Amino acid sequence: MKRNNSLKRAKTLLKETILPTGSLSFLDRVDNLEKIYRDIIAIEYPNVPRESLASLESFWTVIKHCYNLHQEGLSAEATLFFYEKIFCNEDYIEKYELEPQSRLYRIRKTEVSGLFSKEEMFHIPFDKRHLITNGRYSINGIPSLYLCESTYICWEELGNPNFDTCNVSMFVNEQMVSVINVAPIMKAFDKDKILKYPLAYVCSLGTNHPEGPFKEEYVIPQMLMQCLLIHNKRNTKTSYVGIRYLSNKAYVQRPLFPLNEKKDLKRYFNYAFPAYGPYDNDGLSKKLKSIFSWSSPDTYGRYRLRTANMSVEERPTTDTYSVSAFSQIENWCNVQWAHDNMLSYNSWEGALSL
């Protein structure tokens with residue numbers, strides 16, 4: 001019983017450290033993560049080989065060194081060191097395969113009720129790169145396509161705008177996509193992945209100063225994205241298309257939907273896909289356009305007007321998400337995507353199979 005209580009307390013502290021603290025610096029929080037994670041491993045896996053424990057110590061040392069180099073203005077040196085010591089070490093990097101025909105979503109908010117063009121739902125065009133600011137996995141001037149596994153988390157990420165006027169599109173990958181997975185796990189730990197989780201924790205730290213132009217919690221995630229670009233430039237045969245990460249909104253105080261980590265966590269995954277060149281005449285990445293097909297945007301307000309007489313199923317007792325506005329617009333996006341891409345098939349037989 002004492003062991004279980006100690007483990008539960010350690011995992012609670014892990015979650016609290018990832019959430020914004022308002023006071024502790026990035027390095028202080030990394031120190032806390034290191035101590036808490038060491039305690040968790042000691043409790044849950046007391047027989048972990050010495051080599052793994054040594055690798056864990058090395059990981060935390062490298063992270064702190066890279067951050068300090070960046071703070072000294074040596075960001076290029078920090079990135080190359082990170083690339084050599086972390087990115088090129090398979091012990092620390094987890095690969096995730098996004099199965100073909102997976103459904104992802106993007107929302108753009110508007111102040112008035114109107115629709116963007118289909119192309120405007122993709123990434124910011126290369127010729128408008130001056131509009132791109134820093135984000136957790138976004139670097140000034142480098143376009144990226146941000147997608148989510150649910151419209152709900154899109155809405156949370158945008159700060160809960162008026163959902164009736166938000167433009168929503170669904171994206172479908174036409175091929176297997178390899179990404180780097182930095183989605184932290186709080187409850188169930190896989191013994192074979194204990195060296196991979198720390199990077200996810202470091203990359204997921206909530207920012208203490210969300211309105212500030214510089215967010216120290218973004219230094220390592222941005223370094224990871226830069227290393228991905230370096231890797232893809234140097235390796236033509238094996239490449240990562242993007243990064244999969246867990247939204248901090250998964251652990252907000254009052255989510256609309258109760259979070260069961262094993263069952264519902266999928267709704268909270270995000271993806272960042274850098275817009276690789278070359279670019280089409282519209283300024284959009286040819287590579288990303290070859291990977292994804294997507295629907296023309298629609299809004300929930302317009303959809304609701306068109307379906308005013310639609311019968312509503314009995315409210316379920318266990319899964320309220322299935323009858324929410326977010327679930328309904330996702331189903332509609334699926335229909336819209338099928339309509340938009342029907343003509344790409346070579347025969348009516350192929351089209352009707354949708």
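A disulfide is a pair of cysteine sulfur atoms within 2.5 Å, and by that criterion this structure, which is a predicted model, holds zero disulfides. The points below begin with the cysteines, turn to the largest pocket, which has a volume of about 1400 Å³, and then take up several single residues and their surroundings.

**Cysteines without a disulfide**

- The closest cysteine sulfur to that of Cys 148 belongs to Cys 154 and lies 3.5 Å away, which is too far for a bond, because a disulfide requires the two sulfur atoms to be within 2.5 Å.
- Cys 333 is likewise in no disulfide, and the cysteine sulfur nearest to its own, again that of Cys 154, is found at 9.5 Å.
- Cys 148 is buried, with a relative accessible area of 8%, and Cys 333, for which the relative accessibility is 1%, also counts as buried.

**The surroundings of Cys 333**

- Cys 333 belongs to helix 11, which covers residues 325–341, and once its neighbours within four places in sequence are left aside, it is in contact with Tyr 105, Val 168, Ser 169, Met 170 and Ser 295.
- Between Cys 333 and Ser 296 there are 8.3 Å from C-alpha to C-alpha, although the two are 37 residues apart in sequence.

**The largest pocket**

- The lining of the largest pocket is made up of 41 residues, and those that lie nearest its centre are Gly 135, Tyr 146, Glu 157, Leu 158 and Tyr 218.
- Strand 2 (103–108), strand 3 (144–148) and helix 5 (151–157) are the elements that give two or more residues to this lining, and strand 3 gives the most, with five residues.
- In chemical character, the lining of the largest pocket divides into 22 nonpolar, twelve polar and seven charged residues.

**Asn 173 in strand 4**

- Asn 173 has its place in strand 4, which spans residues 167–173, and it is buried, with a relative accessible area of 0%.
- The side chain of Asn 173 reaches two backbone atoms, namely the oxygen of Glu 99 at 2.9 Å and the nitrogen of Ser 102 at 3.0 Å.
- Apart from neighbours within four places in sequence, the residues in contact with Asn 173 are Leu 98, Glu 99, Pro 100, Gln 101 and Ser 102, together with Ile 291 and Phe 292.

**Met 225 in helix 7**

- Met 225 lies in helix 7, made up of residues 219–234, and with a relative accessibility of 2% this methionine counts as buried.
- With neighbours within four places in sequence left aside, Met 225 is in contact with Tyr 137, Ile 139, Ile 243, Ala 272 and Pro 274.
- Of these contacts, Ile 139 is 86 residues from Met 225 along the chain, while the C-alpha atoms of the two are separated by 8.4 Å.

**Ser 58 in helix 3**

- Ser 58 is part of helix 3, which runs over residues 50–71, and it counts as partly exposed, at 36% relative accessibility, because that class covers values between the 20% limit for buried and the 50% limit for exposed.
- Ser 58 and Ile 86 are separated by 28 residues in sequence, and the distance between them in space is 9.7 Å, C-alpha to C-alpha.

Conventions. Residues are numbered from 1 along each chain as its sequence is written. This is a predicted model: local features need pLDDT of at least 70, side-chain atom pairs count only at pLDDT 80 or more; totals for chains, interfaces and linings use all residues. Side-chain values use heavy atoms; hydrogens and water are left out. Buried means under 20% relative accessible area, exposed over 50%, partly exposed in between (1.4 Å probe, protein chains only). On a 1 Å grid over the protein atoms alone, a cavity is a set of points where a 1.4 Å probe fits but cannot get out, and a pocket is an open set with protein on both sides within 12 Å along at least five of seven lines; lining residues have an atom within 4 Å of a point. Grid points are joined across faces, edges and corners, and a volume is the space filled by probe spheres set on the points. Helices (H or I, at least four residues) and strands (E, at least two) are DSSP runs, numbered from the N terminus. Ala, Val, Leu, Ile, Met, Phe, Trp, Tyr, Cys and Pro count as nonpolar, Asp, Glu, Lys and Arg as charged, and the others, Gly among them, as polar. A polar contact is a pair of N or O atoms within 3.5 Å; within protein, one must be able to donate a hydrogen and the other to accept it, and residues adjacent in sequence count only if both atoms are side-chain atoms. Contact means heavy atoms within 4.5 Å.
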